[in-house]
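Let's take a walk through a protein model together. Have the structure open beside you, and turn it around as you read.

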Amino acid sequence: MSEILVFANTAAQEQAAAVIAANAALQTNDVLVLGEADVGFHNDGEPQIEILTQVRGRECVVIATIAPYAHDLVQHSVNDMAMQTLVLLDALRNASARIVTVVFPYLGYLRQDRRSGKVTHRTAVSARVIAEAIEAVSHRTPHACAVEIHALQIEAFFRTMSFENIPALRTIADLLPVDAYRNAVVVSPDRGGVDRASALKGHLGLQDLAVIYKNRPEPGHAEAERIAGDVRGRQVIIVDDMIDTAGTLVAAARFLREEGAARITVAACHGLFSGPALQRLAEAEIDRVYVLDTVPPAPGVIGHPKITVLPVAPLLARAIRSIRQGESLRSLGKSEPR
Ligand code: R5P
C-alpha cells in the first residue's frame with residue numbers, strides 16, 4: 001500500500017473528502033490521506049497557504065476547483081480560487097512534494113480558447129493564460145487533469161506537463177434515471193457541443209440527435225435561431241458542458257417547445273448558476289436539470305425545485321487510479337453496452 005497526501009483549495013475541500021472516501025471503495029493499492037495545511041486568505045484577499053504536513057519527497061495529489069465559491073457569508077471570485085491554487089502549488093513545490101497530478105473538478109477560464117470576439121479578433125485567450133500560469137508553478141509536476149473541459153484542443157495548451165480531459169458524460173449517463181431519457185432526442189444547444197451530445201446519445205443507447213444553432217448578441221444573452229433534427233412530440237435531453245447564467249438553456253428550451261418538444265430535461269457537467277440562472281431555470285420550460293457537483297452547489301441549488309446534483313467524486317477517484325496505473329483517462333469515457 002502506498003500513501004498519497006491530498007491537498008485542496010478552499011472551493012474543493014469537501015470534494016477532496018469525498019474523493020478520499022470514493023478511493024477507499026475502489027480496488028487500488030493507494031490510500032489517499034488528507035494532508036494538513038492552512039489554506040485560506042489574508043484579510044486583504046491575498047491567498048495564504050502553509051503546508052503543515054512534512055511533504056518532502058512524498059507523493060501528493062492536489063484537488064482544486066477554479067470557480068466562484070461562497071461560504072459563511074464570504075464570497076470568493078473565480079480569480080481568488082485561481083490565484084489561491086497557484087500559491088498552493090508553489091507552497092508544495094517549495095516544500096519538495098512529489099505531485100502525482102493536479103485534479104480540477106472544474107477549471108474556469110477555458111471558454112475563451114481562441115482569438116474570436118463579437119467585433120474583432122483582438123481578444124485574450126484566457127485558456128492559454130491559465131495553462132501557462134499553472135505550468136509556471138508546476139515544473140516538477142508531470143500531470144494535471146480536469147473534468148469535461150470546454151474543448152479538447154485545450155489539452156495541447158499545456159506544453160511542459162501532460163494535461164488530460166476527464167470525460168464525464170458516461171458518469172452522467174450512469175446516474176440519470178431512465179424516465180429522464182427514455183426514447184429521447186439528445187439535443188446540443190450549440191454547434192460546439194455536438195460531440196458531447198453525440199457521446200451522451202451513445203452512452204444512453206439512444207438513436208436521435210438534434211443541434212440548435214445559437215447566436216449570442218452579448219455575454220449572458222443567447223438566442224436560438226434554427227435546429228437541425230426533429231423534436232416534434234418527443235422527449236428531449238439537452239446536454240451542455242456548463243450552466244453559467246442559463247441563458248443558453250432557457251433560449252434552447254423555449255425554441256424546442258416552439259418546435260413541438262414534449263418533456264425537456266437538461267444534463268450538464270458544471271453548474272455555475274451565476275446571476276439570474278436559478279430564477280431563469282425555475283421559470284423556464286424545463287422539467288428537470290441534472291448537474292455534477294464539480295462546482296460546490298450554492299444554497300439556492302440544493303433544494304431548487306428542478307435541480308438534481310450528482311456526485312463526481314467516484315469519477316475523480318477512478319481518474320487518480322488510472323493515472324497511477326499509467327492508463328489513459330479516455331477509457332473512463334468509454335461506453336458499456338446498455
Ligand atoms: C458555451 O459555449 C458553453 O458551452 C455553454 O453553453 C455556455 O457557457 C453556458 O453559458 P450560459 O449558461 O451563460 O448561457
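Keep in mind that this is a predicted model. We can start at the ligand, where one of its oxygen atoms sits 3.5 Å from a polar backbone atom of Gly247. Right next door in the sequence, look at Thr248: an N or O atom in its side chain is 2.5 Å from an oxygen atom of the ligand. Now find Asp241, which has a polar side-chain atom 2.6 Å from a ligand oxygen.

How much of the ligand does the protein bury? On its own, the ligand would expose 370 Å², and the protein buries 90% of that. Strand S12 (208-218), strand S14 (236-243) and helix H6 (247-258) are the elements that each give two or more residues to the surrounding shell. The biggest giver is S14, with 4 residues.

Around the ligand you'll find 14 residues, and the ones that come nearest are Asp240, Asp241, Thr245, Ala246 and Thr248. Sorted by class, the shell holds 7 charged, 4 polar and 3 nonpolar residues.

Next, let's move to a pair of helices. Two packed helices are described by the angle and the distance between their axes. For H2 (residues 78-94) and H3 (residues 126-136), the axes come within 9 Å and cross at roughly 25 degrees. Angles under 35 degrees count as roughly parallel, so that's how H2 runs relative to H3.

Which residues make the contact? From H2 they are Ala82, Leu86, Leu89 and Arg93, while H3 brings Ile130, Ala133, Ile134 and Ala136. This time the split is 7 nonpolar, no polar and 1 charged.

Notes:
Residues numbered from 1 in each chain as written. Predicted model: local features only at pLDDT ≥ 70, side-chain atom pairs only at ≥ 80, totals over all residues. Heavy atoms only, no water. Axes fitted to C-alpha atoms, helices over the stretch in contact; angles between N-to-C directions. Parallel < 35°, antiparallel > 145°, perpendicular 65-115°, else oblique. Contact = heavy atoms within 4.5 Å. Nonpolar A, V, L, I, M, F, W, Y, C, P; charged D, E, K, R; others polar. Near = heavy atom within 4 Å. Polar contact = N/O pair within 3.5 Å; in protein donor to acceptor, adjacent residues only side chain to side chain. Areas by Shrake-Rupley, 256 points an atom, 1.4 Å probe, with all protein chains shown as cover.
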